[in-house]
Amino acid sequence: MTAIRAYAAPSAGAPLEPFEYEPGPLGADQVEIRVESSGLCHSDVSMINDEWGLAQFPLVAGHEVVGTVVETGASVTDVRVGQRVGLGWFSHACHHCDPCLSGDHNLCRSRGHTVVGRHGGFADRVRAQSTWVFPLPDGIDATSAGPLFCGGITVFNPLIQSGVKPTDRVGVVGIGGLGHLALQFLRAWGCEVTAFTSTGAKADEARRLGAHHVVDSRDPEALDAIAGTLDFLLVTVNVSLDWNRYLDTLAPRGTFHIVGAIPEPLDMEAFKVFFEQRRVTGSPVGSPHTTKLMLDFCARHGIKPQTEVFPMSRLNDAIAHLEAGKARYRVVLEADFA
């Protein structure tokens, strides 16, 4: 059996270095993917730095994979050798708990993650249960598709879970790796879209990506001016803001939905929630079914991440670029193993 070549963090926060490991026998329900590229997500950096206390070292991160199936397990029938596929945050589900039987495999009680307790896609090959491996439909640009399998599905899933309607007025807080995709999805969905950004230089780009309106999130008067107008507010940032002021932008029965990994507890006034019957919700990446819907929606509407490309051998430079806040908006690493 051929060893898998990869780049691994030997300890928390350490630079990544070449690493090899023996994957063992392929599981009956697994596929092996030859990696063509892998997106570099903030969650990868969080795992490398062990910010969430989930990392096991040496750690091979990478969970926005695009590649070609090179081997399938004995019971796999849904993908075949030679297909170009994508793999995201999840890599395993039990298929027999209530969430799985309801189609919510992403809420499985024993779900497995591509980079938690196992090695991910910063490698020449990676394995996962076939449930979480998605053939790329025609019309999807394979060179930029990787971020769809984490960033894309993270902001598409709320449209399905929360029943966002084409007639809704929707706000997106944070125009970055998640937000720039959310703007595209919501515009194509038919919504009236408002972008909230603290970076004035992003205003024109937000409009190009789909926003009808742009609000300076540093300007309290601008936030107050749209109070009570939004049906749905999608929060993609990972920093704390004046959440009560953002709650005030929602109409009665409006939804405040979180997909950003905000590190501190949310400071919200209960009166602002129950007097207007507002909801505060959140969601992880989506189920296999929702991921397939997202891919078809992207192909139909020409939606794709805006990416910068690095060779995988320059992974440490790419991480520094991302941590410096310079990425516009997703980083993709092309596998260049000799």
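A nonpolar core is a set of buried Ala, Val, Leu, Ile, Met, Phe, Trp, Tyr and Cys residues joined through side-chain atoms within 4.5 Å. Keep that in mind for the first exercise, and note that this is a predicted model.

**Exercise 1. The nonpolar cores**

Find which residues of the largest nonpolar core touch the most other members, and which helix gives this core its largest share.

*Solution.* Start with the core itself: it has 88 residues, and Leu40, Phe122, Leu183, Phe185 and Leu333 touch the most other members. Next, sort by element: helix H4 (residues 179-189) supplies the largest share, six residues. Now pick out Phe185 and skip residues up to four places away in sequence; the contacts are then Gly152, Val155, Phe156, Leu159, Met294, Phe297, Cys298 and Ile303. Finally, another core of 16 residues lies apart from the largest one, and Phe196, Leu223, Leu233 and Val237 are among its members.

**Exercise 2. The partners of strand S3**

Work out whether strand S3 (residues 30-40) is largely enclosed or not, then list the strands it pairs with.

*Solution.* Begin with burial, which means under 20% relative accessible area. Eight of the eleven residues of S3 are buried, so the strand is largely enclosed by the rest of the structure. Then go through the pairings. With strand S4 (residues 65-72), S3 pairs antiparallel over seven bridges. With strand S8 (residues 125-129), the sense is antiparallel and there are five bridges. Strand S17 (residues 330-334) is also antiparallel to S3, joined by four bridges. To place these pairings on residues, take Val31: its bridge partner is Thr72 in S4 and Ala128 in S8. Leu40, for its part, stands opposite Val331 in S17.

**Exercise 3. Backbone oddities**

Locate the cis peptide bonds Phe57 to Pro58 and Arg328 to Tyr329, then look at the positive phi angles of Asp50 and His95.

*Solution.* Take omega to begin with: it is about 0° between Phe57 and Pro58, and near -5° from Arg328 to Tyr329. Pro58 sits in the loop between helix H1 (42-48) and S4, while Tyr329 belongs to the loop between helix H10 (315-323) and S17. Turning to phi, Asp50 has about 55° and lies in the loop between H1 and S4. For His95, phi is about 70°, and the loop is the one between strand S6 (90-92) and helix H2 (98-101). Neither Asp50 nor His95 is a glycine. As a last step, check accessibility: Asp50 is partly exposed at 27%, and His95 is partly exposed at 34%.

How values were computed: Residues are numbered from 1 along each chain as its sequence is written. This is a predicted model: local features need pLDDT of at least 70, side-chain atom pairs count only at pLDDT 80 or more; totals for chains, interfaces and linings use all residues. Side-chain values use heavy atoms; hydrogens and water are left out. Buried means under 20% relative accessible area, exposed over 50%, partly exposed in between (1.4 Å probe, protein chains only). Helices (H or I, at least four residues) and strands (E, at least two) are DSSP runs, numbered from the N terminus. Two strands pair if DSSP finds at least two bridges between them. Contact means heavy atoms within 4.5 Å.
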